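Here are my notes on the model, set out as numbered points. Please read them with the coordinates open.

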Amino acid sequence: MKKIFFVLSWILITLVSCEKKPKTADVNEHLNKAMRKFLYGTVNNDSSKVKFDVQEVLFYEAANFYECEYKVHMVSPGKDTTGIMKARVSKDFTKVNRKD
């Protein structure tokens, strides 16, 4: 009985410890999508007039979030600019908190 318990415990520990982490390219894509959704979802944003293109993201993975720096190209009538936006994105990519 003890051997069966030990073997099952060992298998469970092995499966949990071997959980795959997402690849960097996948994380980049999810972070880009999260920022685009955030930018187009902000209040009073008319996407027919303002266009955003998230060109690049640099990120640091912390325990509960990603600390990100985005390079964003914005085009609106009479304006065409590229700038840097900083944000903190949750690990599930649903919450974006912009930093000043």
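Which strands does H2 lie across, and at about what angle does H2 run to S1?

1. Orientation of H2. H2 lies across S1, S2, S3 and S4. H2 runs at about 130 degrees to S1. Axes here are lines fitted to C-alpha atoms, for helices over the stretch in contact, and angles run from 0 to 180 degrees between N-to-C directions.

2. Basis. This is a predicted model: local features need pLDDT of at least 70, side-chain atom pairs count only at pLDDT 80 or more, and totals for chains, interfaces and linings use all residues. Residues are numbered from 1 along each chain as its sequence is written, and side-chain values use heavy atoms, with hydrogens and water left out.

3. Layout. The chain has two helices and four strands. Along the sequence the pattern reads α-α-β-β-β-β. Helices (H or I, at least four residues) and strands (E, at least two) are DSSP runs, numbered from the N terminus. Of the 100 residues, 23% count as buried. Buried means under 20% relative accessible area, exposed over 50%, and partly exposed in between (1.4 Å probe, protein chains only). Take the contacts between residues at least 6 apart in sequence: 37% of them join residues at least 24 apart. Contact means heavy atoms within 4.5 Å.

4. The sheet. Four strands form an open sheet in the order S1-S2-S3-S4, with antiparallel pairing. S1 and S4 (96–99) stand at the edges with a single partner strand each, so one side of each has no neighbour in the sheet. Neighbouring strands are turned by 30 degrees against each other on average, direction ignored. Two strands pair if DSSP finds at least two bridges between them.

5. S1 with S2. These strands pair in the antiparallel sense over ten bridges. A hairpin of three residues joins S1 to S2. As one register check, Tyr 60 has Glu 67 in S2 as its bridge partner.

6. S3 with S4. Four bridges join this antiparallel pair. Lys 86 stands opposite Lys 99 in S4. Ala 87 stands opposite Arg 98 in S4. The two strands form a hairpin with five residues between them.

7. Phe 93. Which residue in the loop between S3 and S4 deserves a look? Phe 93 is found there. Its phi is near 65 degrees, a positive value in a residue other than glycine. Leaving aside neighbours within four places in sequence, Phe 93 is in contact with Val 27, His 30, Leu 31, Ala 34 and Tyr 66. The C-alpha atoms of Phe 93 and Met 35 are separated by 9.0 Å, with their positions 58 residues apart along the chain.

8. Geometry of H2. The 18 residues of H2 should span 26 Å at 1.5 Å a residue. The expected span is 1.5 Å times one less than the number of residues. The end C-alpha atoms are 25 Å apart, which agrees.

9. Faces of H2. Its buried residues are Val 27, Leu 31, Asn 32, Ala 34, Met 35 and Leu 39. Seen down the axis, they fall within an arc of 165 degrees, so they line one face of the helix. The arc is that of the directions from the helix axis to the C-beta atoms. An α-helix has 3.6 residues a turn, so residues three or four places apart point the same way. The buried residues of H2 pack against S1, S2, S3 and S4. Turned away from the buried side are the exposed residues Ala 25, Lys 37 and Gly 41.

10. The core. The largest nonpolar core has 17 residues. Such a core is a set of buried Ala, Val, Leu, Ile, Met, Phe, Trp, Tyr and Cys residues joined through side-chain atoms within 4.5 Å. Those with the most contacts inside it are Leu 31, Met 35, Leu 39, Cys 68, Tyr 70, Val 72 and Val 89. H2 (24–41), S1 (51–61), S2 (65–76) and S3 (79–90) each supply at least two residues. H2 gives the most, with five.

11. Cys 68. Not counting residues up to four places away in sequence, Cys 68 touches Leu 31, Val 57, Leu 58, Phe 59, Met 85, Lys 86, Ala 87 and Val 89.

12. Val 96. Is Val 96 buried or exposed? At 12% relative accessibility, Val 96 counts as buried. Val 96 is found in S4. Beyond residues up to four places away in sequence, Val 96 touches Ala 34, Met 35, Phe 38, Ala 87, Arg 88 and Val 89. The C-alpha atoms of Val 96 and Met 35, 61 residues apart along the chain, are separated by 7.0 Å.
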